[in-house]
Amino acid sequence: MEEKINRSLNWLKELNDNPFTLQKVANWLYEYHGLNKQVKTYSETICEQCQKWKQEGLPYDCLQEAEYCTKRYRYFTNFYEEVEYGIKVQELDAVCKVALEEYNTCSNNDALLKDWLIKYFEIGYNKLAIFYYDHLDYSVNDDEVVHPHFGNSPIGEFGVCIDRKYYENLIEFDDVFKMLFYERKIYPEKLKEIEEEMQKVAITMIPIPKID
């Protein structure tokens, strides 16, 4: 299995156009979908040593991923899923293009902008929540063209950056959504609701001091 994994990663490396094209990454995912499924299934099986620890009531996740451990190839599935996210999130680009066209027709009307935020809230707040901070915000040079980054190869030597041109509408939509929601606060009741929920979570995470 390790040989198959290394072969797949080396093949992906050879496809690199610095940055990658969307089609080449999609083809790699398609080609090794079966291998990813195979590794994932293998990783879900508990090895003999972990079974013994489980029976004794001990932790058995095998974090050290020893040679006998069935989880030792999870690095491949983790990487595969990072790259796969890059393809899946790009599918939103077409929707974001339509959303931006709608935005341009109502950009001077707060009531219509609020309707726009409500309509596209699921995409802007949920589906794109991690896109900018996890995959785009890594440049210290404002003049640099930043291509979305979707993981580093577990064998080292290269990362997967997909050409920015495939995400232009998505990136612009994300900027507009954040500006309207967080800066201009066009949808204040939803923003307040989120802030209250975050405060509740923060309170539950505060440790209660032990009284002797």
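**Buried positions in α1, α3 and β1**

Ser8 has its place in helix α1, and in this predicted model Ser8 counts as buried, with a relative accessibility of 0%. The points below begin with the surroundings of Ser8, then turn to helix α3, and end with Gly151 in strand β1.

**Ser8 in helix α1**
- Once its neighbours within four places in sequence are left aside, Ser8 is in contact with Trp28, Tyr32, Leu35 and Phe76.
- One of these partners, Leu35, is itself among the buried residues of helix α3.

**The buried face of helix α3**
- Helix α3, which spans residues 33-43, has Leu35, Asn36, Val39 and Ser43 as its buried residues.
- When the helix is viewed down its axis, the buried residues of α3 fall within an arc of 100 degrees, and they therefore line one face of the helix.
- As background, an α-helix has 3.6 residues a turn, so residues three or four places apart point the same way.
- The elements that cover the buried residues of α3 include α1 (2-14) and α5 (74-90).

**Gly151 in strand β1**
- Gly151 lies in strand β1, which is made up of residues 149-152, and this glycine counts as buried because its relative accessibility is 4%, where the cut-off for buried is under 20%.
- If residues up to four places away in sequence are not counted, Gly151 touches Phe79, Glu82, Gly159 and Val160.
- Although Gly151 and Glu81 are 70 residues apart along the chain, their C-alpha atoms are separated by 9.1 Å.

How values were computed
Residues are numbered from 1 along each chain as its sequence is written. This is a predicted model: local features need pLDDT of at least 70, side-chain atom pairs count only at pLDDT 80 or more; totals for chains, interfaces and linings use all residues. Side-chain values use heavy atoms; hydrogens and water are left out. Buried means under 20% relative accessible area, exposed over 50%, partly exposed in between (1.4 Å probe, protein chains only). Helices (H or I, at least four residues) and strands (E, at least two) are DSSP runs, numbered from the N terminus. The arc is that of the directions from the helix axis to the C-beta atoms. Contact means heavy atoms within 4.5 Å.
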